[in-house]
Amino acid sequence: MKLLRAWLVGIPAYLWSGWGAMASLLMLVALWEWGSQVFGALVLPAPVEALRTLAELIASGAAWPELAATARRALTGYAASIIAGSVLGLIAGLSVTASMTSRPIVTVLMGTPPIAWLVLALLWFGAGDATPVFTVFIACFPLVFLGAMQGARTLDNQLRDMAVVFGVPRRMMLTDVYLPHVISYLLPAWTAALGMSWKIAVMAELLSTSDGVGAALAVSRSHLDSAATMAWITAVMTLLLGVEYLLLEPLKREVERWRDQVAT
Amino acid sequence: MSMLEVRTVTQRYGVSEVLRDIDLQVRAGESVALVGPSGCGKTTLLNLCAGLLPPTTGGINSGFERTACVFQQPRLLPWKSALDNIALGLKALGTPAGERARHARELALRMGLAGDDLDKYPHQLSGGMQSRIALARAFAVAPDLLLLDEPFSALDIGLKAELHALLLEYATTRRTAVLMVTHDLMEAVRLSQRILLMSAPEHAPGRIVWQVEFDRPFARRDDAWVYHNTAQLLATAQVRHAFSLAPVASPDTGGLYRAA
Amino acid sequence: MRLDDARRAPLLYCGFRPFYLATAAYAMVALLLAVALPMSEGVMGGRVAWHVHELIFGFALASIAGFLLTAIPEFTSSAPLQGRPLAVLFAWWLAARLGAVFADVTGLVPLAIASTGFILHLLLLVAAPAWRAPGRQQMGFVYALATLASMEAGYLIAAWRGVPVMPWLTAAVGVLMMLIVISMSRISLRLVNDALQARGGDHPPYLARPPRRNLATTTIALYTGVEFLLPGNAIGGWLALAAAAAMFNLLNDWHVGRSLFSRWVLPLYGVYCCIALGYALLGLSLLGGWFAPSAGRHLMLIGGAGLAMLIVMLVSGRTHSGHALDERRWVMVAIGMIITAALARTLWGLLAGSGVVVMALLAVALGAWIAAFALYLAHSWRVLGGPRPDGGHDCSAPPLAVVSCDGIREHGPGPCGAP
């Protein structure tokens, strides 16, 4: 409750701090504009052009179903990967044997290119939702797993001993001693996995489905419609930025307030 | 009767023996110091008393109702405010939130912590403040046995004296038994009624080799008295031997002597 | 103390005294002349160019000179410029203004000599102590001033060759904005923390942190550069929006609770807001073409530069002549007038027509601007031209908190509080 209130009070200041990010993004857009002037609109359409196309896509109602489809696949795979990755990673982290055994396997999973998983998924599941969801899951899973394992491995025995001496009960041990530590490892992993899930979902859709942003990109590529391409990219980026900066980042700040109160 | 009793405890880690045949009692309200060189097994013995380790052989019986511990490092939970850290033991006991916050705040203010420091996180506080919080956390649960593992060793002398005073005041008014580990002889002379000397020569297991008692009430132990008795201790052959100091040509005071 | 100290005119005790007087007077004169002075298209690049040139290199540079001649000696613990050398520097400035007013008669040469002479002389006076000071922390002012000098040189050459002069003048606007951002951070450090202390309580001190300031000056510099090289280009539009966002980002440091709404803090906040909104309007104008860029430009120049200069003159003009801050009501009226002028002129630029209402806006803007500086002059000429109340002959300022001790609640260690 206290957490929630602190979070709500912090929202205006947090949103205002977004101006800095806005300034750097606008400089990126200026660079984009320069690129489009140098290489021509066919190669790189002007930002205004892309925004106009995007506005048209949204106005015509064409954008939302595609974005919703991509979001559905990305978030399903993401949710599965953070649940499975966190639980299995924590369990593995609590046992030295399990973490020793799982590390090489996770390294192999991490090293496998997502496109390879996509090909396998196409063979296994064919065209449809299952292919992008699986690809997202398998690409994000090792990331979360490693974070969770690291969190469990680095639990502080001194703090545990202290809590034992003070007779801290099992449940409180979990909520007051273990979880805050583990969360600080889990959240960065979750954030990284979120960004990854969108990229992988769009990539998987390009080859495996007939709807979603990836499929729309495939269509605009075949029409050589670079304005639509940039419009879709802008849309996905905006959604990703929104989810990350409005949802995950404030959560992370609030949960990790104890680390460093001096905001920069 | 509440008492901590360690009976012929021997402790092994793997093949190496760290403690052998330790016998020790701490009675209610009594203050006992375990002194000895680094690596003689003092901390292991304290961990055994705290119940963090089961002894390999022998038995440990604690008749005390509530034990609290102050460690060498403050061991505060970094994600909890100073106030919540002090109240940790109370929370573990199931004290309602409002009451434990009030109690912790009261205690903290009595111990010289400022009101606005209590909302800060440990990393925002100085080492001295952190030690104070660790001490307050132990006091908060109103223990009848206090285990101290060199909690003051990293503090400057002024801070050390201040926390000594806080500890003495708390322990004497509440008749709390204290078992402290220290390698600071002066601290032991100032704070305890009985000093047990531990020694572990040449990687042999640690054992209690000698003890001395001080009858003088804490209130009458002024600096001159503390210096004098510390100097006497340092002139004792057993102490010099345990700390690997070169022997001095002074008469052996015998196995046990009583200071005035 | 030297012998001639006592005989020196109070006006020449310190650099800000003649220059702040001149700033306020020329704020009114330059604007009226820009409207009324008969002038040919040729010599200085036309009426609009004359107006811009004189408000930047006449009005604004006079207040910058006054500020730097006071602040740099204070920041670097060096001796301030006083007496005859100060009179010489001021004569350069005055000659340059005369050169501008009579340019149609005399040609460009007198203006060129006097104006470059003034800027280079000022640059030298500021650069020497800034360079010698350990850490060289004040060199940012020197670089900005040097850039401003090269803009003036560029302008003069362009006017002499008869090619467009406006790129040089708009670039000078960018440099001016950077100078304001740098100077305001120093001034705000003091004013905001005094406001915080006055309110009491346990609040972390306000810090004008360099990273955000550097982002703001970088984006403004980028925009200014692109605007100069590629006037009217959309790249500049995006960079102007980036500069607006970076200026808003700067305000993160300023959200210090209720102290923000105190007398000397809120107007400074307004300066940043006007610059930010000005760049936002510039960006939108370049990207969408819905209105002329002059709307945004005037918002940052009147509400940003004009207001900043008024506040600086109100604060350092009084404290460095040994007076307490002016807590009377006219100060708020004058500040309100500047903001009115900024809004009216900006609105006029956005509406861009010639109806009665629209022309009334322009009259309001002109009147409010002149009223603000007339108020300042009426209440300050005695302070700037008269002796110090403490009988001294120097530039020193009492610590601000001591000055306004009466209103300050006893709180914590500090000049007013019991330790």
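These legends cover chain A, a hairpin in chain B, and the contact between chains C and A in a predicted model. Residues are numbered from 1 along each chain as its sequence is written, and chains are lettered from A and ligands numbered from 1 in the order in which they are written. Local features need pLDDT of at least 70, side-chain atom pairs count only at pLDDT 80 or more, and totals for chains, interfaces and linings use all residues.

**View 1. Chain A has eleven helices and zero strands.** Helices (H or I, at least four residues) and strands (E, at least two) are DSSP runs, numbered from the N terminus. The C-alpha atoms of chain A fill a box of roughly 70 × 50 × 30 Å along the principal axes. Of its 264 residues, 37% are buried (20 or more other C-beta atoms, placed from the backbone, within 10 Å of the residue's own).

**View 2. Strands 1 and 2 of chain B form a hairpin.** Strand 1 (residues 3–13) and strand 2 (residues 16–27) pair in the antiparallel sense over eight bridges; pairing takes at least two DSSP bridges. R12(B) stands opposite E17(B). Two residues lie between the strands, and G14(B) in the turn has a positive phi of about 60°.

**View 3. Chain C meets chain A with 17 residues from each.** Contact puts C-beta atoms, placed from the backbone, within 7 Å. Helix 8 (210–229) and helix 9 (234–250) of chain C each supply at least two residues of its side. Helix 9 gives the largest share, ten residues. The side of chain C has twelve nonpolar, four polar and one charged residues. Nonpolar covers Ala, Val, Leu, Ile, Met, Phe, Trp, Tyr, Cys and Pro; charged covers Asp, Glu, Lys and Arg; the others, Gly among them, are polar.

Note on methods. Contact = placed C-beta atoms within 7 Å. Buried ≥ 20, exposed ≤ 12 C-beta atoms within 10 Å, placed from the backbone.
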